[in-house]
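The following exercises ask you to work from the overall fold to the packing of the interior. Try each task on the structure before reading its solution.

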Amino acid sequence: MPSDRARFLRAWLQNPLHVASVTPSSRALAQLITSEIGVDTGRVIELGPGTGVFTDLLLERGVRERDLTLIEQEVGFVAMLENRYPLASVLTIDAARLGRHLQGGGKYGATVSGLPLLSMSPRKVMAILRSCFHLMEARSGFYQFTYGPRCPVPRRILDRLGLKAARTGWTPHNLPPAAVYRISRRPELWWQHGAVE
């Protein structure tokens with residue numbers, strides 16, 4: 001929608017380090033990043049939903065609106081998300097501190113991230129991953145897109161947290177073209193739910 005594109009451009013101009021793009025992600029990227037998520041996934045965390053392009057696909061794939069926790073810090077997007085997804089939980093908190101706010105809320109089946117990890121410090125990226133994996137079930141995935149040629153989470157951070165990354169796909173039908181990575185616990189750590197807390 002033109003209004004969504006205008007919102008994104010304004011948000012990017014105001015805070016280019018916190019907004020991943022000047023325009024919302026394409027439907028092709030939304031289909032790719034949500035392709036392994038469905039009705040059986042259960043509760044889903046979405047980081048940086050923006051105008052809800054990924055959120056819409058999650059709903060289409062059978063995730064219940066009340067099972068969505070949307071983490072958005074850009075004030076211009078928050079009221080719009082609350083209006084569009086009234087049954088979802090919309091939180092304006094730092095993704096690196098999710099564990100403090102969602103403790104006791106049950107386990108999540110996946111995290112979908114639209115955050116610009118490449119513009120963040122390694123410490124911040126580690127804190128975000130720790131928070132999300134602390135809240136997710138043992139075999140859950142953290143889905144992240146990137147415009148770069150490799151996983152946006154460096155190998156040293158993955159190793160330190162006991163995680164692995166695999167590219168699930170790439171789409172040229174996005175501006176710019178983007179790839180999606182699934183980050184998950186290493187198999188030997190699946191039995192240890194707290195391995196990366």
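Two exercises follow, each with a worked solution.

This is a predicted model, in which local features need pLDDT of at least 70, side-chain atom pairs count only at pLDDT 80 or more, and totals for chains, interfaces and linings use all residues. Residues are numbered from 1 along each chain as its sequence is written, and side-chain values use heavy atoms, with hydrogens and water left out.

**Exercise 1.** Determine how many helices and strands the protein has, and in which pattern they occur along the sequence.

Solution. Begin with the DSSP runs, numbered from the N terminus, where a helix is H or I over at least four residues and a strand is E over at least two. The protein has seven helices and seven strands. Reading along the sequence then gives the pattern α-α-β-α-β-α-β-α-β-α-β-α-β-β.

**Exercise 2.** Identify which elements give two or more residues to the largest nonpolar core, and which of them gives the most.

Solution. Define a nonpolar core as a set of buried Ala, Val, Leu, Ile, Met, Phe, Trp, Tyr and Cys residues joined through side-chain atoms within 4.5 Å, where buried means under 20% relative accessible area with a 1.4 Å probe, protein chains only. The largest such core has 29 residues, and Leu98, Ile128 and Phe142 are among those with the most contacts inside it. The elements giving two or more residues to this core are strands S1 (44-47), S5 (136-146) and S7 (178-185), together with helices H5 (98-102), H6 (122-135) and H7 (155-161). H6 gives the most, with seven residues. Apart from this core lies another, of 25 residues, including Ile37 and Phe145.

Technical notes: Buried < 20%, exposed > 50% of the residue type's maximum accessible area, 1.4 Å probe, protein only.
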